[in-house]
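Here is a walk through one protein fold, going from sheet to helices and then to a couple of individual residues. Have the structure open as you read.

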Amino acid sequence: MNKLFQEESVFLRPIEKEDLHFIKQWQNDYDISRYTSVDTFIPRSLIEEEKWLENQYTINHKRIFVIVYNEQKVGYILYSGLDLKNRVCWVGVAIGNKEFQNKGIASTALRILERYLKNELNIRKIKAQILSNNIPSLN
C-alpha cells in the first residue's frame with residue numbers, strides 16, 4: 001500500500017474495471033447523484049459505465065480514485081481540469097455507501113488528494129464546485 005495515498009483508515013487507489021458495479025450502483029442512486037451532477041438524473045447501465053471508464057483513461061488531465069475505508073469501497077474521488085502550467089485543477093468526491101456518509105471519510109480523502117496534488121504535481125490552486133442543495137458538503 002502506497003503511504004502517499006493513505007491516511008488513518010482511508011486509502012485511495014486508481015479505479016479498476018471491477019469497481020464499476022459499485023460506481024454504477026452509486027450513480028444510479030438518486031440520493032447520491034443529485035449531489036454530484038448538474039445533469040438530469042438518468043440511470044446508466046453497466047455497458048455505459050464501461051464506456052465511461054474507457055473514456056476516462058484517454059483524458060490526461062483527469063484521474064479517478066476509489067475511496068477505501070477499512071478495506072471496504074465506500075466512494076470515489078477525482079481530479080480534473082489539471083492545468084500544470086497555471087498549477088490549478090478541480091476536485092470532486094462522493095461517498096456512495098450511505099452507511100459511511102457523514103463520518104469524515106470524504107474530508108480525509110480530500111486531504112490525501114490535496115497532499116498528492118500539491119506535493120507531487122505542484123498544484124497551488126484546487127477548486128471544487130458544490131451544488132447548493134448539497135448541505136452536508138457545505139457544512
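## The sheet

Two strands count as paired here if DSSP finds at least two bridges between them. By that rule β2 and β3 are partners: they pair in the antiparallel sense over 5 bridges. Keep in mind that this is a predicted model.

Zooming out, there is an open sheet of 6 strands in the order β1-β2-β3-β4-β5-β6, and the pairing is mixed. β1 and β6 are the edge strands, each pairing on one side only. At the β1 edge, 2 bridges hold β1 to β2 in the antiparallel sense, and Gln-6 has Phe-11 in β2 as its bridge partner. In general, strands of a sheet pair through backbone hydrogen bonds, either parallel or antiparallel.

## β3 and its neighbours

How enclosed is β3 by the rest of the structure? Largely so, because 5 of its 7 residues are buried. On the β2 side, Phe-11 is bridged to Val-68 in β3.

On the other side, β3 and β4 run antiparallel and are joined by 7 bridges. One spot to look at is Phe-65, which stands opposite Ile-77 in β4. The hairpin of β3 and β4 has 2 residues between the strands, and in it Asn-70 takes a positive phi near 50°.

## Helix α4

Now for α4, residues 105-120. With 16 residues at 1.5 Å a residue, this helix should span 22 Å, and its end C-alpha atoms are indeed 22 Å apart, so expectation and model agree. Just after α4 comes Asn-122, with a positive phi of about 60°.

The buried residues of α4 are Ile-105, Thr-108, Ala-109, Ile-112, Leu-113, Tyr-116 and Leu-117. What do they pack against? The list is β1 (6-7), β2 (10-14), β3 (63-69), β4 (72-83), β5 (88-95) and β6 (125-128).

Leu-113 is worth a click of its own. This α4 residue has a relative accessible area of 0%, so it is buried. Leaving out residues up to four places away in sequence, Leu-113 touches Leu-12, Phe-65, Ile-77, Leu-78, Tyr-79 and Val-91. Phe-65 and Ile-77, then, are the residues that stand opposite each other across β3 and β4, and both are among the contacts of Leu-113. There is also a long hop in sequence here: Leu-113 and Leu-4 are 109 residues apart along the chain, yet their C-alpha atoms are separated by 9.1 Å.

## Where α1 meets α3

Over to another pair of helices. α1 (residues 20-27) and α3 (residues 46-56) pack at an angle of about 110°, and their axes are 10 Å apart. That angle falls within 65 to 115 degrees, which means α1 is roughly perpendicular to α3. The crossing is right-handed.

Which residues do the meeting? From α1 they are Leu-20, His-21, Ile-23, Lys-24 and Gln-27. From α3 they are Leu-46, Glu-49, Glu-50, Trp-52 and Leu-53.

## A buried aspartate

Last stop: Asp-19, in the loop between β2 and α1. Is this loop residue buried or exposed? At 1% relative accessibility, Asp-19 counts as buried, since the cut-off for that is under 20%.

Its contacts, not counting residues up to four places away in sequence, are Arg-13, Pro-14, Val-66 and Lys-73.

Methods
Residues are numbered from 1 along each chain as its sequence is written. This is a predicted model: local features need pLDDT of at least 70, side-chain atom pairs count only at pLDDT 80 or more; totals for chains, interfaces and linings use all residues. Side-chain values use heavy atoms; hydrogens and water are left out. Helices (H or I, at least four residues) and strands (E, at least two) are DSSP runs, numbered from the N terminus. The expected span of a helix is 1.5 Å times one less than its number of residues. Buried means under 20% relative accessible area, exposed over 50%, partly exposed in between (1.4 Å probe, protein chains only). Contact means heavy atoms within 4.5 Å. Axes are lines fitted to C-alpha atoms, for helices over the stretch in contact, and angles run from 0 to 180 degrees between N-to-C directions. Angles under 35 degrees count as roughly parallel, over 145 as roughly antiparallel, 65 to 115 as roughly perpendicular and the rest as oblique. A crossing is left-handed if the near helix is turned anticlockwise from the far one by less than a right angle, and right-handed if clockwise.
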